[in-house]
Structure formats: structure tokens, C-alpha cells
Amino acid sequence: MTQKKKAGQSGIEQNQELRTLRFELRLSPAEHSTLVTQALLAEENSLAQYARNKLVYGGMAVTQHIRQERDTSKAMIAELARIGNNVNQIAKALNSDEEVSTAMLEELCKVESRLTAMDQHYQSIMRAQVQS
């Protein structure tokens, strides 16, 4: 096994080995079109990645795991955007010399608890990844 000497695309299976071998396959235009369509439907980043995943890994478990991580990341980013919006609204109110209301303080407490919960969730995901 030759470790990669510099960073590069690792593909869906998180490959750490330098790929030095080449595998060629001849396809008809219809077969190629079908393969491209299937790769797009599977939401793969490239045709090579899709073909490798199908041929080497059977195309199931690895893809599902990565999709779950991607969905979790998207959800966390959306939640952070909502929190950021709330913080911006509170900062704007505070900077406009408005009196600090109880509602603003309550909202800041909610933001703090949501951030704490997200941090704990993220830390548990990272621990699970390290253990696997």
C-alpha cells in the first residue's frame, strides 16, 4: 500500500492510497449515457467515483454513510444560519440604543443553549468517526 504523498481527492470511500493502476472499459454511447445518468441520480461527484463505488464497494453502504454525513452537515449549517440571523437582529437592536428587553435576553439564552446542543452533537459525531 502506497500512502498518498500529497493531498488529493480521496473519493467517497476516503481512500488514503495513491492510485497508480488504470482500468479502461469501452462503452457504447447508450451505455455511457446510462452510466452518466445513474451517476447523476446517485449524486456522485464524478463518473469515475461512481464507477469505482459500484465496482469495488457494491455501491451501497459507503454512499449511504457519506449521504448521512452530508445531510447532517447541511442541517447544522442551516441551524447556524438561523442562530446567526437571531444574533444579528439582537446586535442591531443593541447598537441602535434600544433598551435591552427581557425578550432579547431570553433569545440570547436560547441561542446559547442551541449552540451548546449543536456543539455536543458535533463532538459526538467526531468521536464516532474517530472510533470507526
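This tour moves through a predicted model and indicates which residues to select at each stop.

**First stop: the salt bridges**

How many salt bridges does a search of the whole structure find? The search finds 3 salt bridges. The tour visits each in turn.

**Second stop: Arg22 and Glu24**

Select Arg22 and Glu24 and display their side chains. These two residues form a salt bridge, in which the closest N and O atoms are 3.2 Å apart. Is Arg22 buried or exposed? Arg22 counts as exposed because its relative accessibility is 73%, above the 50% cut-off for that class. Glu24 is likewise classed as exposed, with a relative accessible area of 62%.

**Third stop: Glu79 and Arg82**

Next, select residues 61-95, which make up helix 3, and find Glu79 within this helix. Then add Arg82 to the selection. Arg82 and Glu79 both lie in helix 3, 3 residues apart, which is about one turn of the helix. A salt bridge links Arg82 to Glu79, with the closest N and O atoms 2.8 Å apart.

The accessibility of each partner may now be considered. Glu79 has a relative accessibility of 18% and therefore counts as buried, since buried means under 20%. Arg82, at 44% relative accessibility, counts as partly exposed.

**Fourth stop: Glu79 and Arg114**

Keep Glu79 selected and add Arg114. The side chains of Glu79 and Arg114 meet in a salt bridge, at 2.7 Å from N to O. Glu79 lies in helix 3, whereas Arg114 lies in helix 4 (residues 102-131), so the pair ties together parts that are 35 residues apart in sequence. Salt bridges that share partners join Glu79, Arg82 and Arg114 into one network. Arg114 counts as partly exposed, at 25% relative accessibility.

Which residues does Glu79 contact, leaving aside its neighbours within four places in sequence? Glu79 is in contact with Arg114 and Met118. Add Met118 to the selection to display this set of contacts.

**Last stop: a nonpolar surface patch**

Clear the selection, then choose Phe23, Leu25, Leu27, Leu55, Val56 and Tyr57 and switch to a surface display. Together, these residues make a nonpolar surface patch of about 670 Å². Within the patch, select Leu27 alone. Where is Leu27 placed? Leu27 is in the segment before helix 1, a helix that covers residues 29-41. With 35% relative accessibility, Leu27 counts as partly exposed, because this class lies between the 20% and 50% cut-offs.

How values were computed
Residues are numbered from 1 along each chain as its sequence is written. This is a predicted model: local features need pLDDT of at least 70, side-chain atom pairs count only at pLDDT 80 or more; totals for chains, interfaces and linings use all residues. Side-chain values use heavy atoms; hydrogens and water are left out. Patches are made of residues with over 30% relative accessible area and no salt bridge: like charges are joined within 9 Å, nonpolar side chains (Val, Leu, Ile, Met, Phe, Trp, Tyr) within 5 Å. Accessible areas come from the Shrake-Rupley method with a 1.4 Å probe; for residues, only the protein chains shown count as cover. A salt bridge is a side-chain nitrogen of Lys or Arg within 4 Å of a carboxyl oxygen of Asp or Glu. Helices (H or I, at least four residues) and strands (E, at least two) are DSSP runs, numbered from the N terminus. Buried means under 20% relative accessible area, exposed over 50%, partly exposed in between (1.4 Å probe, protein chains only). Contact means heavy atoms within 4.5 Å.
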